[in-house]
Amino acid sequence: MSLDPKNEYGENEYEGDYRPAEASHIDPVNVRVQPADLTYLVQLADALNTTLDLQTLLNRTSELVRAVINYRIFAILLLNDRTHDLRMRFQIGHTPEVERMRYPLGKGVVGQVALTRQPLLLNDVSKSPAYLSVNPDVKSELAVPLIAKNRLIGVMDIESEQLNYFRPEHLHLLTLTASRIAQAIENARLYARVSRQAQTLTVLNEIAIELTSILDLDPLLDRVGHLLRRLIDYQMFTVMLLDEKGEVLVTRYAWRFGYTHAPRRKIPITAGLVGASLREWRVVNVPDVRKDPRYLEMNQETRSEMIVPLFYKGRVIGVLDLEHTRTGFFNEEHERMLVTLAAQVAIAIENARLYQRVRRQEQQLERDITMAREVQLRLLPTLPPEHKNAEMAVRFLPARAIGGDLYDFLEYGDNRSAIVLGDVSGKAAPAALFAALVSGIMRSAANQRFGPAEMLACLNDALQERRLDSQYVTMLFAVWNDDERTLALANSGAVQPMICRGGTSSTVRVEGFPLGMFPNSTYDEQTIATEPGDAIVFVSDGILDAENGQDEMYGEERLTNILCGHRQLPAAEIAEAILQDVSRFQGGKERFDDETIIVLRCRA
């Protein structure tokens, strides 16, 4: 118990002035209480109601009684409503062994007083069968019940090492005092319970807030173990989660006597106390595991155990398991606290699991992107073809997520080259694999030297035969004839090419349905007779749809301005100028699609 600082006379001081100012006129041995004295003592007893701190109240009580009965051994025992025995809540003069004793109703002097609710005065304890000889020096004893609102809350007990020490006046005085003290103790206990509940709610709220910020399962469970000790002074704690089949509980976290350890124990849901809690969807609180046949011994020191199931969206996902070396340690208040906390823990565990699944998916996506990037880059030619009357250049800037762009240059014989720029539907690995399929079909068909429109129709039919759901390709297919200086084009939904001639730009209007979307599609074909100095650009939609911080798109106008403004430069420098202008326009905004530029410039 905590004591306030001592006064100048070396006496303990407590909250308030409650002791009789002049108690010396009361003979501690030969008490003669007058009506005025009784009134005075009642006033003193009423003064106890000015504090709601139980320890202060019990200290005041001991000093109040000492002022009128000069004792050396004193105790206040309170009734435990759950175990129905008496335990010392405050004592003076008893040994630690006696202080730890518990007194069932009817056992010993205090137990007899509690059972009968009647005071008992023994001036020679050796003659009483009710007396328990725990202190051989004790000769006489006085005990009175503490009753508040007709409910027994405890016993006040005084012992003396002298025979015939207590007198009826002492009994009368102590009974009078007890009647006032009992209600004050009950008020203090009620206040303590309310205060604990408020503190518990505060801690539970803090725990709930903190748990929502932890998304890794192992650190989360470790934090749960530490935070739970703020509410319950357990000695062993385990978190067991149900496996995917719902048949076995697996240990995910274990704490034992101050140290974390994680033995990967597996317990079928049909076995043990943990299995019973999970199967029955309820709290299992066992005061003494040695007496419960369901108990599976995991820790030899365990005496009491409490298991609370973890519920999430109408299903059980695991259990919280607390153990203690003392029998009957866990009470109903512990159950209420743990049930409340378990709801928050279950949500936090599922959030952490979801986060882990998302993280694994992201890691798999990163691997898919890496693989898809490798596939995509292998499909792309290293260098464009060389011709006497034209030069070609390409710039390709992949997006992080793989947009599905593909381009190619095919040798078409007789000083001819095919220029291919396409965009497959989808992203990442599926898009890259589909692009590989389209590229393979196209390269195989290129041996037959199909014209642009025929090539697109051939590719469309091939994709229709494979019946690939939600997979299609937009593609621009052009054939450059270097001898005739002509460019034949067909288009299946790709961005239309642009040509700059003499500083003036125009769009080559050639259209068609994307490949693989509709069966038996036919495609228009257009042939352009070029002139020396012409600059023609083919771009993917990632160029025109590129956005800046204001959500504006790059668009055709900016593209044609750069094309015509740089038309006299080599094809490679034109392509580079366009790419740099697009990057400048985007600023720091992340690209969401591949950006591909192919430039054909006719030599003078």
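This passage walks through strand pairing, a helix contact, and the cavities and pockets of a predicted model.

A good place to start is β8, a strand spanning residues 248-256. On one side of the story is β7 (residues 236-242), which pairs with β8 in the antiparallel sense over 7 bridges. Within that pairing, Met240 has Thr251 of β8 as its bridge partner. The hairpin made by β7 and β8 leaves 5 residues between the strands, and Gly246 there takes a positive phi near 70°.

β8 also pairs with β10 (residues 266-268), again antiparallel, this time over 3 bridges. Here Leu249 sits opposite Ile267 of β10. Then there is β9 (residues 259-260), which runs antiparallel to β8 and is joined to it by 2 bridges. Arg256 stands opposite Tyr259 of β9. The β8 and β9 hairpin has 2 residues between its strands, and Phe257 in the turn shows a positive phi of about 50°.

Turning to the helices, α2 (residues 54-68) and α5 (residues 168-211) have axes that come within 10 Å and cross at roughly 170°. Angles over 145 degrees count as roughly antiparallel, so α2 is roughly antiparallel to α5. On the α2 side, the contact is built from Leu54, Leu57, Leu58, Thr61, Leu64, Val65 and Val68. α5 answers with Leu173, Leu174, Thr177, Ile181, Ala184, Ile185, Ala188 and Arg189. Sorted by class, the contact comes out as 12 nonpolar, 2 polar and 1 charged.

α5 turns up again in the largest pocket, which holds about 1,600 Å³ of space and takes 9 lining residues from α5, the most that any element gives. Other elements giving two or more residues to this lining are β1 (73-80), β2 (85-92) and α8 (332-379). In total, 41 residues line the pocket, with Asn80, Arg87, Arg196, Asn331 and Glu333 nearest its centre. The lining breaks down into 12 nonpolar, 9 polar and 20 charged residues.

The second largest pocket has about 390 Å³ of space. Its lining counts 15 residues, and those closest to the centre are Leu241, Leu242, Asp243, Glu244 and Arg353. This takes the account back to the β7 and β8 region: both strands, along with β13 and α8, each supply at least two lining residues. α8 has the largest share, at 5 residues. By class, the lining splits into 6 nonpolar, 1 polar and 8 charged residues.

As for enclosed space, the search of the whole structure turns up 3 cavities of 30 Å³ or more. The largest contains about 240 Å³, and its 21 lining residues include Thr238, Met298, Glu305, Asp321 and Glu323, which lie nearest the centre. β7 and β8 feature here too, each supplying at least two lining residues, as do α7 (272-280) and β13 (315-324). This lining consists of 11 nonpolar, 5 polar and 5 charged residues.

The second largest cavity holds about 130 Å³ and is lined by 14 residues. Nearest its centre are Tyr103, Val110, Glu141, Asp157 and Glu159. At least two lining residues each come from α4 (108-116) and β6 (151-160), with α4 giving the most, 3 residues. Class by class, the lining of this cavity has 9 nonpolar, 2 polar and 3 charged residues.

Terms used: Residues numbered from 1 in each chain as written. Predicted model: local features only at pLDDT ≥ 70, side-chain atom pairs only at ≥ 80, totals over all residues. Heavy atoms only, no water. Pairing = 2+ DSSP bridges. Helix = DSSP H or I, 4+ residues; strand = E, 2+ residues; numbered from the N terminus. 1 Å grid on protein atoms, 1.4 Å probe; cavity = no way out; pocket = protein on both sides within 12 Å on 5 of 7 lines; lining within 4 Å. Points joined across faces, edges and corners; volume = space filled by probe spheres on them. Nonpolar A, V, L, I, M, F, W, Y, C, P; charged D, E, K, R; others polar. Axes fitted to C-alpha atoms, helices over the stretch in contact; angles between N-to-C directions. Parallel < 35°, antiparallel > 145°, perpendicular 65-115°, else oblique. Contact = heavy atoms within 4.5 Å.
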